[in-house]
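The following paragraphs lead through the structure shown below, beginning with a contact to nucleic acid and then turning to the protein itself.

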Amino acid sequence: MYALIDCNSFYASCEKAFRPDLAHHPVVVLSNNDGCVVARSPEAKALGIRMAVPLFQVREIIEKHRVAVFSSNYTLYGDISRRVMETLASFAPAIEVYSIDEAFLDFNNLLYKPDWHILGQQIRQQVWQDTGIPVSVGFAPTKTLAKVANQLAKKTPSLRHICVLEHTEQTAELLEDFPLQQVWGIGYGYCQRLEQQGVFTAGQLCRMPEAWVRKQLSVVGLRTVKELKGEPCLTLEEIADPRKMVITSLSFDKTTEDLETLREYVASFAVRSAEKLRTQGLCCTALAVSLSTNRFQRQKKQYRNSLSLALAEATSYSPEIIRVALKALDQLYRKEFSYKKACVMLYGLVPQHTIQQDLFKSPEENTPTVKKQKAMAVLDKLNEQLGRNKIKLAAQGNDDKWKSRQAKLSACFTTRWNELLVVR
DNA sequence: TCTGGGGTCCTAGGACCC
DNA sequence: TCTGGGGTCCTAGGACCC
């Protein structure tokens, strides 16, 4: 058996954990830049606030019902997540942390067979006691079915957040009514495609011939279907694969046609990506820059393009990454458009201690890599102590106009001494 | 007025190798 | 008339996830 444990309305629950006054109050959390709703407490869901809806579209509901609104506070959510995972790990021999608010537990090598319902209750209770976060638990013989069980646990009040799918016939029956789009691995695109061919539920999909499934949904989809039928195809991945890319992608406050302004944005995004790289001890060997207009202004001419460039030598040195990113930007730029968004992607990541040096440069031409790394270490340390972007590179420009909007940020209750919760 | 950000995997096609 | 067979690597695009 596998269990999938998923935190209920995770970001909203994190905010509530430190605001007892909001215990039964509707709460929503916004995306970066405060644009869309990305988490809703049960009370907010009940008001009809949909997932991913732009904030301005639900402004009326929010004001009428005095919904509490928060910017996303990833420092807080990351730390609470770590604590939840720590508690979960104590329940099983092996755990896969699947996302910030979800984990699979592997119960396949137990010497005894637990009562799954009781175990589920114990997990819920312990996480609640340790962190104040409510979770739902789904048990099943495959990971995909555990996901199904978890969904049922959340959506069926009588189950009280615990669902066990143990018996094949009972599972098959439940799948008959289970909507395709809620299946893990079947997204919007596949769903449309399958519906056109008369397949609407997970049960119907399971009855299609495997060759047909393979053709429609590729090998990944075939695996999903086999898992739905109870045949395990996915194993627990205890150790996360090394990261393959680092992205900084942000919309601007205002659209701009000005190349100089764009250069400051792109330089800033490059710096941010390089910082992420260094905190993970990595260097990149290639980067890509992309640029786009505002896709919501349909009446205006649209432009989207990206360009990738290889670096001569793996690096995490901000000035070098800026130099190449700006080179890409200059090639992408067309002066007749007004731009809303840019993205800097770093990829071809390698550990910083295995750098292959540039064959065509003499040692004197190159500032030794160690020196660059030391310079960046000093820069990072200063910014950590004094606040992000206190020390900048000139290419980033003078003001922080690129900084994401976070107007309603809560405190970092668990990671900063001066933001500890005060109890009177 | 306003509309998120950060990731992974698979496939097909082209270039190239022996 | 006839034109090999077996590979790898890279890229772009499309799907998915949270």
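**Contacts with two DNA strands**

A backbone N or O atom of Gly-185 is placed 2.8 Å from a phosphate oxygen of DNA strand C. The model is a predicted one, and this distance, like the others below, is to be read in that light. Gly-187 makes a comparable approach, with a backbone N or O atom 2.8 Å from a phosphate oxygen of DNA strand C. At Ser-99 the side chain takes part instead: one of its polar atoms lies 3.1 Å from a sugar or linking oxygen of DNA strand C. Two elements, β5 (94-99) and α8 (188-196), give two or more residues to the surface near this strand. Of these, α8 gives the most, with three residues.

In total, 13 residues lie around DNA strand C, and those that come nearest are Asp-101, Lys-147, Gly-185, Gly-187 and Tyr-190. The residues of this surface comprise six nonpolar, four polar and three charged. On the DNA side, 100% of the strand C atoms within 4 Å of the protein belong to sugar or phosphate.

DNA strand B is surrounded by 26 residues, the closest being Ser-31, Arg-243, Ile-247, Ser-249 and Leu-250. For strand B, 71% of the atoms within 4 Å of the protein belong to sugar or phosphate, and the rest belong to bases. Three side chains supply polar contacts that can be followed in the model. Arg-243 has a side-chain N or O atom 2.9 Å from a sugar or linking oxygen of DNA strand B. Lys-276 brings a polar side-chain atom to 3.3 Å from a phosphate oxygen of that strand, and Asn-33 has a side-chain N or O atom 3.4 Å from a phosphate oxygen.

The surface near DNA strand B receives at least two residues from each of α10, β9 and β12 (339-347). Strand β9 gives the most, with seven residues. By class, the residues of this surface are ten nonpolar, seven polar and nine charged.

The protein that carries these surfaces can next be considered by its parts. The domain assignment of chain A gives domain 1 (2-159), domain 2 (167-229) and domain 3 (245-392). The centres of domain 1 and domain 3, taken over C-alpha atoms, are separated by 34 Å.

Helix α5 (residues 116-131) contains 16 residues and spans 22 Å from its first C-alpha to its last, close to the 22 Å expected at 1.5 Å a residue. Its buried residues are Trp-116, Leu-119, Gly-120, Ile-123, Val-127 and Thr-131. They cover an arc of only 105° around the axis, and therefore lie on the same side of α5. The spacing follows a general rule: an α-helix has 3.6 residues a turn, so residues three or four places apart point the same way. On the other side of α5, Gln-125, Trp-128 and Gln-129 are exposed.

Two further residues complete the picture. Gln-216 belongs to helix α10 (residues 210-228) and counts as buried because its relative accessibility is 10%, with buried meaning under 20%. Its side chain makes a polar contact of 2.9 Å with the side chain of Gln-197. Glu-237, by contrast, is found in the loop between α10 and β9 (245-256) and is partly exposed, with a relative accessible area of 45%. Although Glu-237 and Ile-95 are 142 residues apart in sequence, their C-alpha atoms are 7.9 Å apart in space.

Conventions: Residues numbered from 1 in each chain as written. Chains lettered and ligands numbered in written order. Predicted model: local features only at pLDDT ≥ 70, side-chain atom pairs only at ≥ 80, totals over all residues. Heavy atoms only, no water. Near = heavy atom within 4 Å. Polar contact = N/O pair within 3.5 Å; in protein donor to acceptor, adjacent residues only side chain to side chain. Helix = DSSP H or I, 4+ residues; strand = E, 2+ residues; numbered from the N terminus. Nonpolar A, V, L, I, M, F, W, Y, C, P; charged D, E, K, R; others polar. Domains from an automatic or database assignment. Expected span 1.5 Å × (residues − 1). Buried < 20%, exposed > 50% of the residue type's maximum accessible area, 1.4 Å probe, protein only. Arc of directions from axis to C-beta.
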